[in-house]
Amino acid sequence: MKLKFRKGLNLSIKGGVPTGAAVSSAHVECAAVCPDDFPGFMPKVAVKEGDAVAVGTPLLYDKRHPEVKLVSPLKGRVKAVVRGERRKIERVVVEASDSVEVPSPKFSEISDAASVRKALAESGLLAFMRQRPYDIVPNPDEEVRDIFVTALDTAPLAYPLTASGASLFEMADYESGVAALSKITIGKVYICHGGDLADRPVAGAEMVEVEGPHPSGNVSVQIAVIRPVDKGDVVWTLDFVTLGRIGRMMRTGFFSPATVVAVVGPEVVLPGLVKTVVGAPVSSVMADRIAHDGRHHRVIAGNVFTGTAVDGSTGFLHYPYRQITVIAEGDDVDEFMGWASFAPKKMSESRSFPGHFIKRLFAPDARLNGGRRAMIMSGEYDKTLPMDILPEYLIKAILSHNIEDMEKLGIYEIAPEDFAAAEYVDTSKLPLQQIVRDGLDYLRKELE
């Protein structure tokens, strides 16, 4: 099967990883697990400060489904359980130590669907997956109609998932992962790729080739064309690297925390790839790669569309643990006419600005370039979203908490990331991704 999308938006940004870049390794002294990275997960601490842990030792578990865990990516000791307002758990930090003698949990005799579900939940890998509807950590007890694996990342400056996976896992790992997931679903396991797996299909999976601009790499867009989610359906999704982790666990019995991070962006002097562990400190991955140009910088754990802004010296990698982007903050810029400037160096999707017509790589900053205002019904959202929904009307239904209209307009099919490009072009400067997240949480609270 082959899918070709025409709607969407690709950003031309400087600082991508050059073709054939070598993978360097980072020395990691500590790592953090942040429960906010896992929507739908209600964390309860399973350890206390000073406890000895191994790779795969549970740090947090879900209050509603105690078998679902978040586990340690390092061997060492629990350095801190950091809490915020109203004692909300913000992160659990583990400090590496080779002197700790704690065995890593091993999962063996994984043979049937029940044992696969149990292993995924207790190893922490279930939390690396998402469920449609609601875009949350899957409920391990629900019947799964289909499972979709995306091996294509079309976000700005993203490094190919298949290339990242090739430096971490073998084809046998992916095949073992598909075999395990096939035991869970009553339907099929789909792998959507960008053509780089056309000559080496993964045994047991339905291979789908995808072509088109962002967000064609988003799994919601792929599901909407292949087999849409109806009310009552449950579909699980994951990325290609997570599939490799699942297969490696099925083959060895152990959780693999390794990941390859692309360090990119116009403010990075040497874009490249770094092998580290999930939740590693951003500073260990950056390794003096930020340009010393006197500008204020925004370090983003993730891509410019969906990533989380972090402190470059004290922050940690956030899920899905595969990219760091550095751009200029823009708060130190004194520009003539401000957002209305017609300077050709300004990146814009509006035909009102020269940058729209210039075919070059840009160095955008983090400025909003305008203020929030009432929603303008111009159809601009629709141009960035290749799905059979009416995005502007769906956003209005979410804001008004109209559950009936939300269901009719396709809220079960979407995730916040699907509205990232629309948020970028939005003339009204609305926080569309947060609106969608709030709408999904509200719907789940009302219907469950």
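**Notebook: cores, a small sheet, Arg-444**

I began with the largest nonpolar core, which has 92 residues; Leu-59, Leu-120, Leu-181, Ile-191, Phe-240, Leu-243 and Ile-324 touch the most other members. I note here that the model is predicted.

I then looked up the contacts of Ile-324, leaving out residues up to four places away in sequence. Ile-324 touches Val-261, Ala-262, Val-263 and Val-264, then Val-282, Val-285 and Met-286. The list for Ile-324 also holds Val-299, Ile-300, Gly-302 and Leu-317.

I found a second, separate core of 40 residues, with Ile-136, Tyr-381, Ile-403 and Leu-430 among them.

Next I turned to a sheet. Its 3 strands run in the order E4-E6-E7, and the sheet is open with antiparallel pairing. Which strands stand at the edges? They are E4 (43-45) and E7 (69-71); each has a single partner strand, so one side of each is left without a neighbour in the sheet. I read an average twist of 30° from one strand to the next.

I checked the pairing of E4 with E6 (residues 58-62) and found it antiparallel over 3 bridges. For Val-45, I noted Leu-60 in E6 as the bridge partner.

Last, I looked at Arg-444, which lies in helix H10 (residues 432-447). Is Arg-444 buried or exposed? I entered Arg-444 as buried, because its relative accessible area is 12% and the cut-off for buried is under 20%. Not counting residues up to four places away in sequence, Arg-444 touches Gly-40, Arg-64, Tyr-134 and Ile-136. Of these contacts of Arg-444, I had already entered Ile-136 under the second core.

Methods:
Residues numbered from 1 in each chain as written. Predicted model: local features only at pLDDT ≥ 70, side-chain atom pairs only at ≥ 80, totals over all residues. Heavy atoms only, no water. Helix = DSSP H or I, 4+ residues; strand = E, 2+ residues; numbered from the N terminus. Buried < 20%, exposed > 50% of the residue type's maximum accessible area, 1.4 Å probe, protein only. Contact = heavy atoms within 4.5 Å. Core = buried A, V, L, I, M, F, W, Y, C linked by side-chain atoms within 4.5 Å. Pairing = 2+ DSSP bridges. Axes fitted to C-alpha atoms, helices over the stretch in contact; angles between N-to-C directions.
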